[in-house]
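Biologist: Could you walk me through how to read a model like this one? I would like to begin with the overall picture and then go down to single residues.

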Amino acid sequence: KPATGAMHDRESLSWQLNSRWFVLIGGARAAIMQVADPKVAAGVAQFSSYRTDPLGRLERTMDSMLKIGFGTPEQREAELDELRSIHSAVRGRTTEGKAYSALDPQLMYWVLATLVDTVMVVERRYLGRMRHADRVRYVEEARVVADAFGIPDKFIPDGYGAFRSYIAERVQQIVPDSDSVDITKSLLEPGLPIVPDPVFAPLDWITIELLPSTMRHRLGLSNLNPAQLAAVRGAQTASRLILPRLPSQLSVNPFAVRALGRGLAVPAVG
């Protein structure tokens, strides 16, 4: 369960959703949306090992967000301090010569917003229990995380409606560059030495279906063919039937176990 003094307690929607493994379905989607912004992509391309460890950044992001949201105050501050230290060195120029910094509050909020949006999109497709009021509450809970990162209020949408408008506007405005496309390819075809890329094909279909169509097309990703789309829709239908019936012990997010320790008490959703 969340630690004493955690940012979000066990009654929060953040805990009820983010402590479960099904949200990991959207991990690649969130990462691709992040790097669709050329400034984020440049930081990843120039300061990470994405070519040799394409899924490593995703893992580290999951661990960090879980510690910040559900860890002790000491864990939270230690994680925030480490991120500030790492991000202070992540600066440079994109392939088009535009300056960027990982401490840019607008980029920081975009990364956080993609995670929040992705959880809600995945929940709608694969669980389908959240009501409008739940979505309003979930976005409000995420604001506390933005505050912890020191993101000024002027960069944070005020409420659920403003958040939805923000995501829609950003998706329309972002024009991916070559780094964006290269990193996206590495996420969909990670080139792991033990697992052939074709094994990831069904997961790639899921990721592609979750992406906004505008962003998908700008990244050069093809639409799913009818058979692929039918397979994804079938998985969503099965998931909405099965997930609510799973014992809580079988629904725990493995990243939560690693970040926060074993013996996690996970409440039911819906």
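Modeller: We will go from the whole chain to one helix, and then to a few residues. Keep in mind that this is a predicted model.

Biologist: Where is the confidence lowest, and where is it highest?

Modeller: The pLDDT is the predictor's own confidence in each residue. The protein averages 88, and 87% of the residues score at least 70. The lowest mean, 65, belongs to helix α13 (residues 254-260), while α8 has the highest, at 98. Over residues 262-270 the pLDDT is below 50, and in the model this stretch has 27 contacts beyond near neighbours in sequence.

Biologist: Thanks! How many helices and strands does the protein have?

Modeller: There are 13 helices and two strands. Of the 270 residues, 50% count as buried. The protein exposes about 12,900 Å², with carbon and sulfur atoms supplying 56% of that area.

Biologist: And what share of the contacts joins residues at least 24 apart?

Modeller: If you take contacts between residues at least 6 apart in sequence, 75% of them join residues at least 24 apart.

Biologist: Let us turn to a single helix. How do I read which side of α8 is buried?

Modeller: Start with the general idea: an α-helix has 3.6 residues a turn, so residues three or four places apart point the same way. Now the case here. Helix α8 covers residues 160-173, and its 14 residues reach 20 Å from first C-alpha to last, close to the 20 Å expected at 1.5 Å a residue. Its buried residues are Tyr160, Phe163, Tyr166, Ile167, Arg170 and Val171. Seen down the axis of α8, these buried residues fall within an arc of 125°, so they line one face of the helix.

Biologist: What covers the buried residues of α8?

Modeller: The cover includes α2 (27-36), α6 (105-126), α7 (132-148) and α11 (213-218).

Biologist: How many residues of α2 are buried?

Modeller: Ten of the ten, so α2 is largely enclosed by the rest of the structure. Among them are Gly27, Arg29, Met33 and Gln34.

Biologist: Now for single residues. Is aspartate 179 buried or exposed?

Modeller: The cut-off to remember is that buried means under 20% relative accessible area. Aspartate 179, found in helix α9, has 13% relative accessibility and therefore counts as buried.

Biologist: Which residues does aspartate 179 touch?

Modeller: Setting aside residues up to four places away in sequence, aspartate 179 touches Ala41, Ala42, Ala45 and Thr95. To see how the fold brings distant parts of the chain together, look at aspartate 179 and proline 38: they are 141 residues apart in sequence, yet 7.0 Å apart in space, C-alpha to C-alpha.

Biologist: Ala42 is on that list. Where does alanine 42 lie?

Modeller: Alanine 42 is in helix α3 (residues 38-47). With a relative accessible area of 0%, alanine 42 is buried. Leaving aside neighbours within four places in sequence, alanine 42 is in contact with Arg93, Thr94, Tyr100 and Asp179. Between alanine 42 and arginine 93 there are 7.1 Å, C-alpha to C-alpha, although the two are 51 residues apart in sequence.

Biologist: One more in α9: what lies 2.7 Å from a polar atom of the side chain of serine 186?

Modeller: That is the backbone oxygen of isoleucine 183. Serine 186 sits in α9, which runs over residues 178-188, and serine 186 is buried, with a relative accessible area of 13%.

Technical notes:
Residues numbered from 1 in each chain as written. Predicted model: local features only at pLDDT ≥ 70, side-chain atom pairs only at ≥ 80, totals over all residues. Heavy atoms only, no water. Helix = DSSP H or I, 4+ residues; strand = E, 2+ residues; numbered from the N terminus. Buried < 20%, exposed > 50% of the residue type's maximum accessible area, 1.4 Å probe, protein only. Contact = heavy atoms within 4.5 Å. Areas by Shrake-Rupley, 256 points an atom, 1.4 Å probe, with all protein chains shown as cover. Polar contact = N/O pair within 3.5 Å; in protein donor to acceptor, adjacent residues only side chain to side chain. Expected span 1.5 Å × (residues − 1). Arc of directions from axis to C-beta. pLDDT = per-residue confidence, 0-100.
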